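Me: I am learning how to read a structure one piece at a time, and I would like a careful look at a single part before moving outward. Please take me through it slowly.

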Amino acid sequence: MKKTMMIAAIFCLVCAATVIGGGKEEYSKYVNEELGLSFEYPADFIETAPLYPGEITRFTKPNEYGVPVITASVRDRSEDVLLIDLPDRVIKFMEVSIPGSSGFEILEEKSVELPDGADAVIVQFSWVSPDGSTVMETVSVFAFSGDRQFTVTANTIQGLGFSLDDLADSCLTLRVSL
């Protein structure tokens, strides 16, 4: 009985140490020196082909749903567009790019400074996929550098167990001044 209690106590300590010390996810870094950007993404994600105009890379969690997805895009900067305009523009882009999507709701929007000192805007929003029942959550970080607009976006399905805040942390590693 004492031996069983000792084994149980050791098991509990190991589990507690794993939860306390092992909560930090491992990240890999994507770098594109030609375009002048980098960002970090969870190390267990795999790179897949871009799907939309302007996307330069796409990383997905290898699971049955293929989400979360983290993408990076580079587009020419329109001189008349301000950073603060981009959240509304990306929602309009998604409505056109993903026919049947609906119910876009901005959850949070704020100006931030990226690790390289660049000004950026982060927006978190939810929306309903074209099937009419799957609620998606998205976080996007937008920044300008020179004549380019840089965006890192992460999408997940609400309730799948992936934290939108963790995905935001990954997006906020964007650097646009390499």
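Which description fits E105, buried, partly exposed or exposed, and why?

Reply: The model is predicted, and every value below is computed from it. E105 has a relative accessible area of 46%, and because buried means under 20% and exposed means over 50%, the description that fits E105 is partly exposed.

E105 is found in strand β6, which covers residues 102-113. In a regular strand the side chains alternate between the two faces of the sheet. If the neighbours within four places in sequence are left aside, E105 is in contact with Q124, F125 and S126. A further glutamate can be placed relative to it: E137 is 32 residues away from E105 in sequence, while the C-alpha atoms of E105 and E137 are 9.6 Å apart in space.

From that strand we can turn to the nonpolar interior. The largest nonpolar core has 27 residues, and L37, F39, I70, V139 and L174 are the ones that touch the most other members. Two or more residues of this core come from each of β2 (37-42), β5, β7 (119-128), β8, β9 and α3 (164-171), with α3 giving the largest share, four residues. L174 shows how such a residue is surrounded, since, apart from neighbours within four places in sequence, L174 is in contact with residues including L37, F39, L114, V141 and F150. There is also a second, separate core of 18 residues, with V81, L83, I91 and F104 among them.

Strand β2 also pairs with strand β1 (residues 27-32) in the antiparallel sense, over six bridges, and Y27 has P42 in β2 as its bridge partner. Four residues lie between the strands of this hairpin, where G36 takes a positive phi near 80°. Another backbone detail belongs to the loop between β4 and β5, in which P68 lies: the peptide bond joining V67 and P68 is cis, with omega about 0°.

The last feature is the largest pocket, which holds about 640 Å³ of space. Its lining has 29 residues, and Y52, R75, V90, F93 and M94 lie nearest the centre. At least two lining residues come from each of β4 (55-60), β5 (69-76), α2 (86-97), β8 (135-145) and β9 (148-157), and α2 supplies the largest share, six residues. By type, the lining divides into 15 nonpolar, nine polar and five charged residues.

How values were computed. Residues are numbered from 1 along each chain as its sequence is written. This is a predicted model: local features need pLDDT of at least 70, side-chain atom pairs count only at pLDDT 80 or more; totals for chains, interfaces and linings use all residues. Side-chain values use heavy atoms; hydrogens and water are left out. On a 1 Å grid over the protein atoms alone, a cavity is a set of points where a 1.4 Å probe fits but cannot get out, and a pocket is an open set with protein on both sides within 12 Å along at least five of seven lines; lining residues have an atom within 4 Å of a point. Grid points are joined across faces, edges and corners, and a volume is the space filled by probe spheres set on the points. Ala, Val, Leu, Ile, Met, Phe, Trp, Tyr, Cys and Pro count as nonpolar, Asp, Glu, Lys and Arg as charged, and the others, Gly among them, as polar. A nonpolar core is a set of buried Ala, Val, Leu, Ile, Met, Phe, Trp, Tyr and Cys residues joined through side-chain atoms within 4.5 Å. Buried means under 20% relative accessible area, exposed over 50%, partly exposed in between (1.4 Å probe, protein chains only). Contact means heavy atoms within 4.5 Å. Two strands pair if DSSP finds at least two bridges between them.
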